[in-house]
Amino acid sequence: MPTGTLTIFIDSIVTNTEGEKIAIISSAMLSTADQLVGTGAEINGKLYMTIGEDELLGYGDARAQWLSGVEIGANYIEARIGFWDDWGQFHMGWYMRETTTDELVILSGTFTAQDGN
């Protein structure tokens, strides 16, 4: 997924017992395209949405998807994408479903969002 935009809706940011900030997300959307210019088929645009709690429970014991290791600076936020299971174990990635084909993918990694000003 070389080109895309990640939009994250955060419910709350809390500090866990180890002093690490985590952000509980309500949902996230990822739009992707194989290239920026071309026909619809050439661009191959897709939209992915995080799955809800009921479906998420079908893939393990996680009840929510999170951002872990959240660091908030004067003009940025950075974190790891993942989820916690009921036993407190962190797993990299969010389960996301493509809106047209229902393809299930796992988005993982770290990100930094920075204010451009």
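Helices (H or I, at least four residues) and strands (E, at least two) are DSSP runs, numbered from the N terminus. With that settled, I placed N44 in the loop between α1 (40–43) and β3.

**Ground rules**

I am working on a predicted model, where local features need pLDDT of at least 70, side-chain atom pairs count only at pLDDT 80 or more, and totals for chains, interfaces and linings use all residues. Residue numbers start from 1 along each chain as its sequence is written, and side-chain values use heavy atoms, with hydrogens and water left out.

**Overall fold**

I looked up the secondary structure of the protein chain and got 2 helices and 9 strands. Their order along the sequence is β-β-α-β-α-β-β-β-β-β-β.

Next I checked burial (buried is under 20% relative accessible area, exposed over 50%, partly exposed in between, with a 1.4 Å probe and protein chains only). Of the 117 residues in the protein chain, 29% are buried.

For area I used the Shrake-Rupley method with a 1.4 Å probe, where for residues only the protein chains shown count as cover. The accessible surface of the protein chain is about 7000 Å², and carbon and sulfur atoms hold 51% of that.

Then contacts, meaning heavy atoms within 4.5 Å. Among contacts in the protein chain with a separation of 6 or more, 46% join residues 24 or more positions apart.

**Salt bridges**

How many salt bridges does a search of the whole structure find? I got 3, taking a salt bridge as a side-chain nitrogen of Lys or Arg within 4 Å of a carboxyl oxygen of Asp or Glu.

Entry one is R80 with E20, N to O at 3.3 Å. R80 sits in strand β5 (residues 76–84) and E20 in the loop between β1 and β2 (21–33), so this pair ties together parts 60 residues apart in sequence. I noted both ends as partly exposed: R80 has a relative accessible area of 31%, and E20 has 21%.

Entry two is E103 with K46, where the closest N and O atoms are 3.7 Å apart. This pair also links distant parts of the chain, with E103 in the loop between β7 (94–98) and β8 (104–107), K46 in strand β3 (residues 46–50), and their positions 57 residues apart. E103 is partly exposed at 32% relative accessibility, and K46 is partly exposed too, at 27%.

Entry three is E55 with R97, N to O at 2.2 Å. E55 belongs to helix α2 (residues 53–56) and R97 to strand β7, so the bridge ties together parts 42 residues apart in sequence. E55 comes out partly exposed, with a relative accessible area of 30%.

**Around R97**

I stayed on R97 in strand β7 and asked which residues R97 is in contact with, leaving aside its neighbours within four places in sequence. The list is L47, Y48, M49, I51, E55, Y59, D102, E103 and L104. The side chain of R97 also reaches the backbone oxygen of D102 at 2.5 Å.

**Y48**

Y48 is on that contact list of R97, and I found Y48 in strand β3. Is Y48 buried or exposed? Y48 is buried, at 3% relative accessible area.

The side chain of Y48 makes a polar contact with the side chain of E103 at 3.3 Å. I counted a polar contact as a pair of N or O atoms within 3.5 Å; within protein, one must be able to donate a hydrogen and the other to accept it, and residues adjacent in sequence count only if both atoms are side-chain atoms. I also checked Y48 against T100: they are 52 residues apart in sequence, and their C-alpha atoms are 8.8 Å apart in space.

**Positive phi**

Back to N44, which is not a glycine but has a positive phi near 55 degrees. N44 is partly exposed, at 31% relative accessibility.

D102, another non-glycine, has a positive phi of about 70 degrees. I placed D102 in the loop between β7 and β8, partly exposed at 49% relative accessibility.

**Surface patch**

Last lookup: I10, I13 and I72 form a nonpolar patch on the surface, together about 240 Å² of accessible area. Patches take residues with over 30% relative accessible area and no salt bridge; like charges are joined within 9 Å, nonpolar side chains (Val, Leu, Ile, Met, Phe, Trp, Tyr) within 5 Å. I10 lies in strand β1 (residues 3–15) and is partly exposed, with 36% relative accessible area.
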